[in-house]
Amino acid sequence: AMSYVGIGVVLPDSSLGRMLSESQAYFFSAPWYALSAGITIVLIGENSIKSDNCPLYIDAPKVTIKGYDETAKLDIQSNTSYPGIFFSAVNTVNFNDVNANIVTNGGIGLSCSGASTNATLTNCNIDIKTGNNAAKGFHSMVFSNCYIETPKNAIYNPLKGSIVDKDDMSVVYGDVTIKAGIEEGIESITVDADDAKRHNVQGVQVGNGFKGIVIKNGRKYVQK
């Protein structure tokens, strides 16, 4: 942080303070430079956003939405067909310890522009009530220590860009509940680190450092 005022880390080393300081000259012509390090939204207590448009529209390369503690809650309500939360030009979205209710009047629950937004949900409880897609357009959506509780048998499919039924791959429309914890019936063990290929439940290959549910040799495990 001291690098912001010219003290501390010096070139050629980089720091967040220097990045923000040097980006000020471009703030009006290219404001994304100031946001390139990303933004973090920390939820404290009860948070309610209601709108006839999109209640929460975020435009930054990297976004983290985090609950401060178990009392933090986010209530989103779109009174029209706009999405509940929309990510514009965002490459990475992280939901950490988020307890949320998202209600739309026919709009998509979680949506994004482009096809390069990767979302990770960690230890989240999120209820999405919509007559449309609960989540749409993400390049990937990974669940860590949480899972889609309802509808049963649902996963996020990157090829479809939607939540689908994992048997027939049909797109799921309507309410979706994401619950913190490990899905029942999955054995909680530590997977040995080796060269065997493993994938997350969306079918994306992951490495030894991934934490969450993985599929290896046709079986589901929890990789810790």
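## Pairing around strand S17

In this predicted model, Cys146 has Ala180 in S17 as its bridge partner. The pairing behind this contact joins strand S14, residues 146-150, to S17 in the antiparallel sense, over four bridges.

Strand S17, which covers residues 176-180, is also joined to strand S11, residues 125-129. Here three bridges are found, and the two strands again run antiparallel. Within this pairing, Asp127 lies opposite Thr177 in S17. S17 thus has bridges to S11 and to S14.

## The parallel sheet

A separate description applies to an open sheet of five strands, whose order is S1-S4-S7-S10-S13 and whose pairing is parallel. Its edges are formed by strand S1 (39-43) and strand S13 (140-144), each of which pairs on one side only. On average, neighbouring strands of this sheet are turned by 10° against each other, direction ignored.

The pairing of S4 with S7 can be described in greater detail. Strand S4 spans residues 62-67 and strand S7 spans residues 92-96; five bridges connect them in the parallel sense. One of the facing positions is Thr64, which stands opposite Asn94 in S7.

## A nonpolar surface patch

Three residues, Val42, Ile44 and Tyr68, make up a nonpolar patch on the surface. Together they contribute about 340 Å² of accessible area.

Val42 links this patch to the sheet described above, for Val42 is located in strand S1, an edge strand that pairs on one side only. The relative accessibility of Val42 is 43%, and the residue therefore counts as partly exposed, a class that lies between the buried limit of under 20% and the exposed limit of over 50%. Membership of a patch requires over 30% relative accessible area, a threshold that the 43% of Val42 satisfies.

## The chain as a whole

The secondary structure of the protein chain consists of two helices and 21 strands. Of its 224 residues, 39% are buried. The accessible surface amounts to about 11,900 Å², and carbon and sulfur atoms account for 53% of that area.

The contact pattern can be summarised by sequence separation. Among contacts between residues at least 6 apart in sequence, 64% join residues that are at least 24 apart. The pairings described above include examples of bridges between separate segments of the chain, such as residues 125-129 with residues 176-180 and residues 62-67 with residues 92-96.

Notes:
Residues are numbered from 1 along each chain as its sequence is written. This is a predicted model: local features need pLDDT of at least 70, side-chain atom pairs count only at pLDDT 80 or more; totals for chains, interfaces and linings use all residues. Side-chain values use heavy atoms; hydrogens and water are left out. Two strands pair if DSSP finds at least two bridges between them. Axes are lines fitted to C-alpha atoms, for helices over the stretch in contact, and angles run from 0 to 180 degrees between N-to-C directions. Patches are made of residues with over 30% relative accessible area and no salt bridge: like charges are joined within 9 Å, nonpolar side chains (Val, Leu, Ile, Met, Phe, Trp, Tyr) within 5 Å. Accessible areas come from the Shrake-Rupley method with a 1.4 Å probe; for residues, only the protein chains shown count as cover. A salt bridge is a side-chain nitrogen of Lys or Arg within 4 Å of a carboxyl oxygen of Asp or Glu. Buried means under 20% relative accessible area, exposed over 50%, partly exposed in between (1.4 Å probe, protein chains only). Contact means heavy atoms within 4.5 Å.
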